[in-house]
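Thanks for sending this one over. My notes are below as numbered points, so you can follow them with the viewer open.

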Amino acid sequence: MDCSAISAEAQSNSQRIQELGSEEGGKVAQNVAAGVAGLFIPVLWFAMDFQGAAGKEVSALQSRQQYLATMADQKGCAVAPPANTAAAPAVAIAPVPQLAK
């Protein structure tokens, strides 16, 4: 890879990381909605996503970014680090309250 290809790949990865951050936020909102609605219709709990695929993909992209930075350094490229490569902030979800018996 030459310097321009490394830079283009790093920019593409940064953009994908940002997209995955918003996707992960949407999944959290979907899980919260399914959890709350599951109090009334328990079958909806099966619609919840616990795999965290977006988070895993962000981790893989961050590893790729580190590899690209190392490769750019070895080739003497002046590639600036991407502006935002941090994963989407973790969102704490409060436990679902139990119904009074």
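1. Let's begin on the surface, where Phe40, Ile41, Val43, Leu44 and Phe46 make up a nonpolar patch whose combined accessible area is about 600 Å². A patch here takes residues with over 30% relative accessible area and no salt bridge, joining like charges within 9 Å and nonpolar side chains (Val, Leu, Ile, Met, Phe, Trp, Tyr) within 5 Å. The areas come from the Shrake-Rupley method with a 1.4 Å probe, and for residues only the protein chains shown count as cover. One of the patch members, Ile41, sits in the loop between α1 (3-37) and α2 (53-75). Ile41 has a relative accessible area of 45%, so it is partly exposed; the classes are buried under 20%, exposed over 50%, and partly exposed in between (1.4 Å probe, protein chains only).

2. A word on the ground rules. This is a predicted model, in which local features need pLDDT of at least 70 and side-chain atom pairs count only at pLDDT 80 or more, while totals for chains, interfaces and linings use all residues. Residues are numbered from 1 along each chain as its sequence is written, and side-chain values use heavy atoms, with hydrogens and water left out.

3. Now the overall layout. The chain has 2 helices and 0 strands, taken as DSSP runs (helices H or I, at least four residues; strands E, at least two) and numbered from the N terminus. Of its 101 residues, 19% are buried. The chain exposes about 7100 Å², with carbon and sulfur atoms supplying 61% of that area. Among contacts (heavy atoms within 4.5 Å) between residues at least 6 apart in sequence, 75% join residues at least 24 apart.

4. Which residues form the largest nonpolar core? It has 6 of them: Ile6, Ala10, Leu68, Met71, Ala72 and Cys77. A core of this kind is a set of buried Ala, Val, Leu, Ile, Met, Phe, Trp, Tyr and Cys residues joined through side-chain atoms within 4.5 Å. The elements giving two or more residues to this core are α1 and α2, and α2 gives the most, with 3 residues. Leaving out residues up to four places away in sequence, Leu68 touches Met1, Ile6, Glu9, Ala10 and Asn13. There is also a second, separate core of 5 residues, which includes Ile17, Leu20, Ala54 and Leu61.

5. Cys77 deserves another look, as a disulfide joins Cys3 to Cys77 with an S to S distance of 1.8 Å. The criterion is a pair of cysteine sulfur atoms within 2.5 Å, and it gives a count of 1 disulfide. The link of Cys3 and Cys77 is left-handed, with -80° about the S-S bond. This pair ties together distant parts of the chain, with Cys3 in helix α1 and Cys77 in the segment after α2, 74 residues apart. Are the two cysteines buried or exposed? Cys77 is at 13% relative accessibility and therefore counts as buried, whereas Cys3, at 33%, counts as partly exposed.

6. On to charges: the count comes to 3 salt bridges, each a side-chain nitrogen of Lys or Arg within 4 Å of a carboxyl oxygen of Asp or Glu. Arg64 and Glu9 meet at 3.9 Å, N to O. That pair links distant parts of the chain, Arg64 in helix α2 and Glu9 in helix α1, 55 residues apart. Arg64 counts as partly exposed at 29% relative accessibility, and Glu9 counts as partly exposed at 27%.

7. Arg16 has two partners to check. Its salt bridge with Glu19 is 3.4 Å, N to O; Glu19 and Arg16 both lie in helix α1, 3 residues apart, about one turn of the helix. The salt bridge of Glu57 and Arg16 is 3.4 Å, N to O, and it connects distant parts of the chain, Glu57 in helix α2 and Arg16 in helix α1, 41 residues apart. Through shared partners, Arg16, Glu19 and Glu57 are joined into one network.

8. Finally, Lys56 is found in helix α2. With a relative accessible area of 58%, Lys56 is exposed. Lys56 and Leu20 are 36 residues apart in sequence, and 9.9 Å apart in space, C-alpha to C-alpha.
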